[in-house]
Each structure stands twice: as structure tokens, then as C-alpha cells.
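Work through the exercises below with the sequence and the model open side by side. Each task is followed by a solution in steps.

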Amino acid sequence: MPVAEATRSDGRLPVIILGGFLGAGKSTWLRHQLHEGRFAGYHLLVNEAAETPVDNLLLSGARKISVLAGGCACCAGLPDLLATLRALCDAASGKEAGRIAGILLETSGLADPGRIAAAMAEDPVLSRRLVLDQTLVLVDSLHGVQQLTAEDLARAQIEAADELILTKPAAADPVTLARLALSLSVLNPGAMLSAAEQGVAVPLPEPVPGLAPLDLPALGRSEPILPYRLDVGRDGGWVALSTWLSALLHARGDDIVRIKGVVRTPAGRLLLQSVRRVVQSPEILPDDDEALAGPAPEEGVIVLIGRGMDAERLALSWRRFGT
Amino acid sequence: MCSACGFPAAPGHWTDAGAQTPGDRLRLRFARLEAINRLLAAYGLKAWDDGVTPGLQLFAPGGQRELVPDLASLWEAAERMAGQPVDPLSDRALAGG
């Protein structure tokens with residue numbers, strides 16, 4: 001895998017962009033790569049569209065990590081990203097000289113890696129100090145077909161990739177998976193394609209003879225996906241919250257693409273995450289904030305990413321049914 | 001999950017996480033029943049949990065009854081009985097507060 005571990009002769013820092021749609025498994029994949037010692041010496045930059053970062057909690061294996069929260073790095077958060085990258089460039093030629101092997105940017109699921117790459121190339125400082133080494137884009141084997149059919153953004157992400165990695169292949173139907181893989185190679189013929197389960201590389205699905213790629217419809221402008229923040233309170237409320245969220249996901253799982261948050265329960269702090277209707281078994285976080293990577297999580301705040309909602313109605317519904 | 005790099009995961013339906021001792025689990029079942037019935041009220045449905053039978057029972061006014069194993073199946077059954085999904089953000093659920 002062409003990951004630059006040695007410093008480049010021109011002194012520019014390699015940048016790797018890790019992209020993929022919401023819930024594609026970016027943090028999970030990255031966590032395993034870090035565990036295996038890949039990207040050693042890289043400075044991790046984690047971007048989340050919502051104001052409450054949780055992805056950094058998954059990445060305690062990283063040595064250096066910064067979090068860019070409160071704006072997707074390809075649009076609202078772009079000035080922040082560029083400022084952070086410049087600061088990293090300064091550090092890499094100053095006190096940290098020789099100790100940063102490169103920068104790995106884990107984008108938010110709403111980011112178009114192509115726009116980030118374009119912005120970096122346009123910046124007069126960054127274009128001389130950084131070089132885009134690779135764009136890795138993860139594609140969810142379970143939801144990839146649906147995302148490609150319905151979301152402009154999912155297609156833009158795939159088109160921007162140097163390397164495409166199919167995640168969660170074990171849970172997907174083999175024919176659907178083979179069809180998805182075929183469609184990916186039609187959308188982006190230049191990209192290397194591989195598959196990984198929880199970050200561990202696995203073989204690609206066998207090509208099925210006579211299989212046609214997905215018939216992808218032209219996309220119009222649909223309602224944008226936006227993050228919504230819901231304050232559910234620090235003390236308890238887990239029972240009401242899980243009940244309310246499960247009903248909400250059942251009714252609106254197609255519109256709510258992602259839920260994230262950290263909630264207090266009798267068993268400890270839980271990290272809650274969902275992708276459409278699939279809620280992962282909540283992870284219990286250690287109570288000791290020191291054991292976590294990056295800033296401590298904001299407890300009692302849930303972030304819902306989706307369309308067709310409104311923040312006031314969410315808050316009203318939560319007051320009505322949650323408390 | 002890679003056993004060397006993961007956090008421990010809570011088993012079962014995700015809504016069952018957050019209670020690890022038997023006492024907490026029983027408390028969670030009864031507290032959950034209240035939360036469920038608050039949501040079901042606008043749709044004329046009622047859930048029941050006796051704390052002993054696994055799962056929950058769902059009742060419709062016409063006498064229809066269904067035993068469901070977890071919350072995901074409860075909302076599916078409620079959608080069948082009510083003819084529409086129980087949506088906490090809908091006008092129907094929020095009406096009459």
C-alpha cells in the first residue's frame with residue numbers, strides 16, 4: 001500500500017484523506033489500522049459536522065489527534081480546517097520538525113473529499129507545504145447501494161477516491177455486494193478496490209458472471225442533510241431516550257441517516273451510534289476522561305443527522321415523551 | 001471486533017443496554033413500559049409487561065393482541081395495528097399536549 005512513511009525529498013507533508021458516507025465505518029477502520037501500527041507518526045485530524053465530537057473517543061490508539069467539530073470540513077468548517085493545517089505545517093517545520101510523518105484527515109460523513117483537496121490546492125501556503133498522498137473512501141456494503149441510488153454526495157465521494165474500501169462485507173448479501181463492487185468500478189474505474197471487515201482486510205466478493213452494474217438514476221436537488229442537536233439532560237433518561245429514539249428510527253429511519261451521542265445510564269456512560277435503522281450495540285465508555293483520546297465527550301447531548309426535521313419539534317417531542 | 005483494540009460491547013437489543021444487574025434490568029423494563037405507553041397513547045394502543053413473560057404484549061382497542069420480543073418489533077406491530085407508524089414527531093403524537 002503506497003503510504004509514505006519516509007519523509008519526502010521535497011519536504012512536503014503527505015496528507016491522506018479518509019472519507020466515506022455517514023456511518024460507513026471510518027473510525028472503526030481507522031482504529032484497527034492504528035492498532036496495527038499503520039499511520040504511525042501521522043497527525044490525525046478528525047472532522048465532525050456536528051458540534052459534539054464523539055469519533056475521537058474511538059481513536060484512543062492515536063498518538064496525536066485534533067478534532068475539528070461544528071462544521072463539515074468541505075463547506076462550513078473549511079476555514080477551520082485550512083487554519084489547522086497551516087498550524088500543523090508550522091509545527092512540522094518548527095518544534096515538531098521531523099516528528100510528523102504526515103497528516104491523516106478523517107472527514108465527516110457529509111464531506112466531499114474532492115472539495116477538500118481542491119481547497120488545499122488553492123491555498124497559497126498549503127499547496128507548497130502539503131501534498132495529497134491518497135484519498136481513501138469507505139463504502140458501506142449494507143447501505144452503499146441505497147446511498148448511491150439516492151445521494152449525490154455518496155457518488156461525489158466515490159468519484160474523489162484513489163482507493164475504495166468496502167466495509168461490513170460479511171453482513172451483506174454476496175450478489176448485492178458483487179453488484180455494488182461492479183458499480184463502484186464503473187463510477188470510478190481508476191480507484192483500487194478492496195474490502196475490510198472491522199478494519200481487517202478480507203477478499204473482495206467473487207465477480208458474478210452476467211451481472212449488470214446498478215442502474216443509477218440522475219439525481220435532482222433533494223432536501224439537504226443537516227445535523228440537529230438535542231439536549232437530553234445529564235442525569236438518567238436512558239430508558240425514555242432509547243424508547244423514544246427507537247420509535248423515531250422506526251418511523252423515520254430513511255430520513256435520519258445518523259444518530260450519535262453519549263448518555264449516562266445506570267451501567268455507565270454509553271456511546272450511542274446509529275446508521276439509518278441500524279443501531280450499534282452501545283459501547284460503555286470508561287468514566288475516566290483521561291483514558292479517552294481528545295476532548296471529553298459532552299454528556300447528555302444527542303446529535304441527529306438527517307433531513308425533514310426541525311430542531312424545535314425535536315425538542316418539543318423530547319419534552320413531551322422523554323421527561 | 002478485534003479483541004485487542006475494542007471497548008466491551010453491551011449484548012442484546014440496543015435499548016437493553018444501560019442495565020447490567022438483574023435489578024436494573026427489571027427497573028428498566030417497567031420504566032420503559034411507561035415511556036412506550038406515553039408514545040402509544042395517541043394511537044389508541046397499549047403495551048403491557050408483567051416483568052415475568054419475556055418481551056412485551058401489545059393491545060389494540062379491537063381486542064387484537066400481539067407478543068413482541070423487543071422494541072424494534074413493538075413499533076412494527078404498532079404500525080400494523082394503527083395503520084401508520086408511531087412517529088414521535090408527527091402532529092398526531094404531539095397533539096393534545
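**Exercise 1. A helix and its buried side**

Which residues of H8(A) are buried?

Solution. The model is a predicted one, and each step below applies to that prediction.

Step 1. Locate the helix. H8 of chain A covers residues 174-187, and its 14 residues reach 20 Å from the first C-alpha to the last, close to the 20 Å expected at 1.5 Å a residue.

Step 2. Apply the cut-off: a residue is buried if 20 or more other C-beta atoms lie within 10 Å of its own, and exposed if 12 or fewer do. The buried residues in H8(A) are Leu177(A), Leu180(A), Ala181(A), Ser183(A) and Leu184(A).

Step 3. Place them around the axis. These buried residues cover an arc of only 165 degrees, so they sit on the same side of H8(A). An α-helix has 3.6 residues a turn, so residues three or four places apart point the same way.

Step 4. Look at the face turned away from the buried side. That face of H8(A) carries Val175(A) and Val186(A), which are exposed.

Step 5. Find the packing partners. The buried residues of H8(A) pack against S5, helix H6 (144-150), helix H7 (152-159), strand S6 (163-167) and S7 of chain A.

**Exercise 2. A covered strand**

Describe the surroundings of strand S1 of chain A and name its pairing partners.

Solution.

Step 1. Count the buried residues. Strand S1(A) spans residues 13-20, and 8 of its 8 residues are buried.

Step 2. Separate the two faces. Leu13(A), Val15(A), Ile17(A) and Gly19(A) lie on one side, with Pro14(A), Ile16(A), Leu18(A) and Gly20(A) on the other; both faces are covered.

Step 3. List the neighbours in the sheet. S1(A) pairs in the parallel sense with strand S5 (residues 130-140) of chain A over 8 bridges, and in the parallel sense with strand S4 (residues 102-106) of chain A over 4 bridges.

Step 4. Take one residue as a marker. The bridge partner of Val15(A) is Leu132(A) in S5(A) and Ile103(A) in S4(A).

**Exercise 3. Two positive phi values**

Compare the settings of Phe39(A) and Gln198(A).

Solution.

Step 1. Read the backbone angles. Phi is near 60 degrees at Phe39(A), a positive value in a residue other than glycine. Phi of Gln198(A), also a residue other than glycine, is positive and near 55 degrees.

Step 2. Place the residues. Phe39(A) belongs to the loop between helix H1 (26-35) and strand S2 (42-47) of chain A. Gln198(A) is in the loop that lies between strand S7 (192-197) and strand S8 (200-202) of chain A.

Step 3. Classify by neighbour count. Phe39(A) has 22 other C-beta atoms within 10 Å and is therefore buried. Gln198(A) has 17 C-beta neighbours inside 10 Å and so counts as partly exposed.

**Exercise 4. The sheet of chain B**

Set out the elements of chain B and explain how its strands are arranged.

Solution.

Step 1. List the elements. Chain B has 3 helices and 3 strands, which run α-β-β-β-α-α from the N terminus on.

Step 2. Order the strands. They form an open sheet, S1-S2-S3 of chain B, with antiparallel pairing. Strand S1 (46-48) and strand S3 (65-68) of chain B are at the edges because each has a single partner strand, and one side of each is left without a neighbour in the sheet. From one strand to the next the twist averages 25 degrees.

Step 3. Examine one pair. Strand S2 (residues 56-59) of chain B and S3(B) are joined in the antiparallel sense over 4 bridges; Leu56(B) stands opposite Val68(B) in S3(B).

Step 4. Add the helix. H2(B) lies across S1, S2 and S3 of chain B and runs at about 10 degrees to S2(B).

**Exercise 5. The two chains and their contact**

How many residues does the contact take from chain B and from chain A?

Solution.

Step 1. Characterise each chain.

| Chain | Residues | Buried | Contacts with a separation of 6 or more that join residues 24 or more positions apart |
|---|---|---|---|
| A | 323 | 50% | 76% |
| B | 97 | 28% | 29% |

Step 2. Count the contact. Chain B gives 34 residues and chain A gives 35 residues.

Step 3. Assign the chain B side to elements. Helix H1 (22-40) and helix H2 (71-82) of chain B each supply at least two residues of the side that touches chain A. H1(B) gives the largest share of that side, 8 residues.

Step 4. Sort by type. The side of chain B that touches chain A has 25 nonpolar, 4 polar and 5 charged residues.

Definitions and conventions. Residues numbered from 1 in each chain as written. Chains lettered and ligands numbered in written order. Predicted model: local features only at pLDDT ≥ 70, side-chain atom pairs only at ≥ 80, totals over all residues. Pairing = 2+ DSSP bridges. Contact = placed C-beta atoms within 7 Å. Nonpolar A, V, L, I, M, F, W, Y, C, P; charged D, E, K, R; others polar. Expected span 1.5 Å × (residues − 1). Arc of directions from axis to C-beta. Axes fitted to C-alpha atoms, helices over the stretch in contact; angles between N-to-C directions.
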